[in-house]
There are 2 protein chains.
Amino acid sequence: MSKPLILVSNDDGYQAPGIRFLIEIAKTIGEVVVVAPQTAQSAMSHAITIKTPLLYKTVEISDNYREYNLNGTPVDCVKFAIHQLMDRKPDIVISGINHGSNASINIIYSGTMAAATEAAMGGIPSVGFSILDYNEDANFDYAKDYIIKIINKVLDDGLAENTALNVNFPKPDKGKYKGLKVCRQAKAYWKEDFDERFDPRNGKPYYWLKGTFTVHEDNNTTDEWALKNYYVSLVPIQFDFTAYNKIDELKYWETL
Amino acid sequence: MSKPLILVSNDDGYQAPGIRFLIEIAKTIGEVVVVAPQTAQSAMSHAITIKTPLLYKTVEISDNYREYNLNGTPVDCVKFAIHQLMDRKPDIVISGINHGSNASINIIYSGTMAAATEAAMGGIPSVGFSILDYNEDANFDYAKDYIIKIINKVLDDGLAENTALNVNFPKPDKGKYKGLKVCRQAKAYWKEDFDERFDPRNGKPYYWLKGTFTVHEDNNTTDEWALKNYYVSLVPIQFDFTAYNKIDELKYWETL
């Protein structure tokens, strides 16, 4: 039986510790192709490059392993991998391990999750992994078994059409995680307080985003609850933005 | 009674004909603040600027009208407007008129719709407008009455929490539109065929995204159907990515 074909990408760039760890896991499971951004692409969401040419570099070609990087966004990487660099569709796309949370509303800003979503849009089962730790030397050891089990489960059973998985790991500061929770996305909001600073050359103001994250509910069915209670969170996600329960309500607007 | 406060943004940049037209409409309805990107930001999705400073320029300050532009993404513009430039919350955020479709899955790539979504995330009713015409001299005249009616309706009745509206106008090549349809997002997919070209200096290849858009269904409840049949499409949208119908199915993974 041939090995499963695994595409790996991320948004922190090909040198980030998170993707290097994920690649090593993937290599133990199947044939691996890596197409990751050349530079950090955090908070790029589902952006694509349409105004500048895409260029890729080959990092390594060996038995069962090929690695490239691209001067684009995470979604560019997935599109370019699937439609340009790979001869056959991957059996799974995995993205991450992202440094920082993609739970709750963070998913909408996330390049890591956009890469997974783009794969699911193309009919390929996909999982995004994130850890709530920005440190370069974040400890992924407690996450490892979960990642292996989730990848194998997806390879064995597949995922429903148009579904990707958003998996987040708590900051690993209390030893082994308590388990896995299948959750929904918590309601939350980033309130931005812009930091005003001044250009030392001319005194003109400039601004940095400096948000405060507020979770609007404390409910044990959410990803934020799971993470706060030291569980790994898994949210099945989809990409139909329709607010179905509002269609009937608004139907009479057709005669405005 | 004080005039409603309207925030206007877009993703094509402050000079695009679409936003200029939308601003003129907004001025007839209320007090207007414009915060638009300095440069075209199409296909930026929900990206935010986190690695470079944000700088804004004041274009005009007059009675009931203030216009600024920002060196950021559409979502940056909305955040910066609400949390930095405006003294009170706008009564409505309108985004567009985008040149090009944001119907169906295009919404996920759209900066125009991301601006509207960001506003809705902050509890502000919002509408994104798009026209299926890339021409600089696109004819917005048939769209005008719909835009006025929709803005007034939202100002009068509000919108349900966490809901924004995605309004698309057909290419106006057959006279007056046939009417408005309240729809759901059609299932569709962009398949990318990358165009390979060669750098004339060194012969090295580079690539341009060159997608083919395929609608996967022909159903009269979708936005693509409405647009194809010369109706204005209106889709209520939300930003909870949870695939609720998959949570129970995956629950047993908690014991993997």
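How many bridges join E3(B) to strand E4 of chain B, and do these strands run parallel or antiparallel? Six bridges join E3(B) to E4(B), residues 65–70, and the two strands run antiparallel; strands are counted here as DSSP runs of at least two residues and helices as DSSP runs (H or I) of at least four, both numbered from the N terminus, while two strands pair if DSSP finds at least two bridges between them. The model is a predicted one, in which local features need pLDDT of at least 70, side-chain atom pairs count only at pLDDT 80 or more, and totals for chains, interfaces and linings use all residues. Residues are numbered from 1 along each chain as its sequence is written, and chains are lettered from A, with ligands numbered from 1, in the order in which they are written.

Within this pair of strands, Tyr56(B) has Leu70(B) in E4(B) as its bridge partner, and the hairpin that E3(B) and E4(B) form has two residues between the strands, with Asn64(B) taking a positive phi near 60 degrees. On going further into the sheet, E4(B) is joined to E2(B) by six bridges, and these two strands run parallel; here Val32(B) has Tyr65(B) in E4(B) as its bridge partner.

These strands belong to an open sheet of nine strands in chain B, with mixed pairing and the order E3-E4-E2-E1-E5-E6-E7-E13-E8. E3 and strand E8 (180–182) of chain B stand at the edges with a single partner strand each, so one side of each is left without a neighbour in the sheet. Neighbouring strands are turned against each other by 20 degrees on average, direction ignored, where axes are lines fitted to C-alpha atoms, for helices over the stretch in contact, and angles between N-to-C directions run from 0 to 180 degrees. Helix H1 (residues 17–29) of chain B packs on this sheet, touching strand E1 (5–9), E2, E4, strand E5 (92–99) and strand E6 (126–131) of chain B, and its direction makes about 150 degrees with that of E5(B); residues count as in contact if their C-beta atoms, placed from the backbone, lie within 7 Å.

In chain A, strand E7 (residues 164–169) has six of its six residues buried, so it is largely enclosed by the rest of the structure. A residue is called buried if 20 or more other C-beta atoms lie within 10 Å of its own, exposed if 12 or fewer do, and partly exposed in between, the C-beta atoms being placed from the backbone. Ala164(A), Asn166(A) and Asn168(A) are buried on one side of E7(A), and Leu165(A), Val167(A) and Phe169(A) are buried on the other. Six bridges join E6(A) to E7(A), which run parallel, and Ile131(A) stands opposite Phe169(A).

Strand E5 contains Ile97 in both chains. The peptide bond from Gly96(A) to Ile97(A) is cis, with omega near -15 degrees, and the bond from Gly96(B) to Ile97(B) is also cis, with omega near -10 degrees.

Loops of chain B hold two further backbone features. Ser104(B), in the loop between E5 and helix H3 (111–121) of chain B, has a positive phi near 50 degrees although it is a residue other than glycine, and it counts as buried because it has 29 C-beta neighbours inside 10 Å. Tyr230(B), in the loop between helix H5 (223–228) and strand E13 (232–237) of chain B, is not a glycine either and has a positive phi of about 70 degrees; with 17 C-beta neighbours inside 10 Å, Tyr230(B) counts as partly exposed.

Turning to the two chains together, a rotation of 180 degrees with 0.0 Å of shift along its axis superposes chain A on chain B with an RMSD of 0.0 Å, the fit being by least squares on the C-alpha atoms of residues with pLDDT of at least 70 in both copies. The two copies are thus related as by a two-fold rotation axis. The contact takes 58 residues from chain A and 58 residues from chain B, and the residues on the side of chain A that touches chain B divide into 35 nonpolar, 12 polar and 11 charged. Of the interface residues of chain A, 100% are also interface residues in chain B, so the copies meet through the same surface.

Definitions and conventions. Two residues are in contact if their C-beta atoms, placed from the backbone, lie within 7 Å. Ala, Val, Leu, Ile, Met, Phe, Trp, Tyr, Cys and Pro count as nonpolar, Asp, Glu, Lys and Arg as charged, and the others, Gly among them, as polar.
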